[in-house]
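Trainee: I should like to understand how the terms used for a structure follow from its atoms. May we go through some of them together?

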Protein chains: 2
Amino acid sequence: MSVVTSKNRRGSPLPDAGVATPETLASIAKALGHPARIHIVRLLLEKQSCIGCDIVDEVGLAQSTVSEHLRILKDAGVISGEIERPRVCYSLNPESLAPLAKLLNAVSDAGNE
Amino acid sequence: MSVVTSKNRRGSPLPDAGVATPETLASIAKALGHPARIHIVRLLLEKQSCIGCDIVDEVGLAQSTVSEHLRILKDAGVISGEIERPRVCYSLNPESLAPLAKLLNAVSDAGNE
DNA sequence: TTCGTATATCGTCGATTAACGATATAGAGG
DNA sequence: CCTCTATATCGTTAATCGACGATATACGAA
């Protein structure tokens, strides 16, 4: 047992493997818990193709700071970066947010019953 | 704390009022960015009726610490507490998470297209 | 009034975060 | 070779967070 985070191989959009732990959900939420990182996620959502250093211009913080925000999102599994020297092409990992989305939807749904 | 959250006069669950700012979304995510607070939210989701000091026992941290987590959730608008001396009865504000849920669903949906 | 119960707040401390500039890395092109 | 571009990492700083015990608050009951 011990949870394992179940990497969810290819098919279904998160089967349900034992429900995510509070630690898992919190780490996703934490990664989203900064305006600059929300900004980045939205950016990647609209230009669904990846982006390079444009993110730095877009968020308006120092390059090193943005790089750090990208690292945090990457570590949380929310985005991934594909190297295309000298650039890196970032994109969302859509399924990564599903566990948290599930909880939030459950809470929202609890409202209209 | 400003932010306004657009209380939305009539019934509907947040129509779209200008789209939430990154700051708003980040503050919601941040409030959820700790295992103890996820734990609390889930607790309030299952026992949808409110709870008192049982939360303290449930999460297993010092009473003052739990009180602080509850305050953070309250400040973010995620929960509210109704005083029933000497207890306080906490419950979820289901609509509070809708703006973040919307973004997460958009990201998740971006996956199967 | 005094006691007990449930919560909130205070003060402290160590850990983590966010931001920056400076520097390192690594390939493309001259 | 050297330079340019895009990105990552390092080192530092100030600010915020998380946890705790101690204390304050506020009411209902004895």
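The discussion below concerns a predicted model and takes up a helix, a hairpin and a DNA surface.

Trainee: What makes the length of helix H5 of chain A close to the expected one?

Mentor: The expected span is 1.5 Å times one less than the number of residues. H5(A), residues 98-109, has 12 residues and reaches 16 Å from its first C-alpha to its last, close to the 16 Å expected.

Trainee: Which residues of H5(A) are called buried, and why?

Mentor: A residue is called buried because 20 or more other C-beta atoms lie within 10 Å of its own. In H5(A) this holds for A:Pro99, A:Leu100, A:Ala101, A:Leu103, A:Leu104, A:Val107 and A:Ser108. These residues pack against helix H1 of chain A, and also against helix H2, strand S2 and helix H5 of chain B.

Trainee: How do you know that strands S1 and S2 of chain B pair?

Mentor: Pairing requires at least two bridges. Six bridges join S1(B) to S2(B), so the two strands pair, and they run antiparallel. B:Ser80 stands opposite B:Ser91 in S2(B), and two residues lie between the strands of this hairpin.

Trainee: What makes a residue count as near DNA strand D, and which come nearest?

Mentor: Its C-beta atom must lie within 6 Å of the strand. There are 21 such residues around DNA strand D, and A:Gly52, A:Cys53, A:Ser64, B:Ala62 and B:Ser64 come nearest. Two or more residues each are given by H4 and S2 of chain A and by H4 of chain B. H4(A) gives the most, with six residues.

Conventions: Residues are numbered from 1 along each chain as its sequence is written. Chains are lettered from A and ligands numbered from 1 in the order in which they are written. This is a predicted model: local features need pLDDT of at least 70, side-chain atom pairs count only at pLDDT 80 or more; totals for chains, interfaces and linings use all residues. Helices (H or I, at least four residues) and strands (E, at least two) are DSSP runs, numbered from the N terminus. A residue is buried if 20 or more other C-beta atoms lie within 10 Å of its own, exposed if 12 or fewer, and partly exposed in between; C-beta atoms are placed from the backbone. Two residues are in contact if their C-beta atoms, placed from the backbone, lie within 7 Å.
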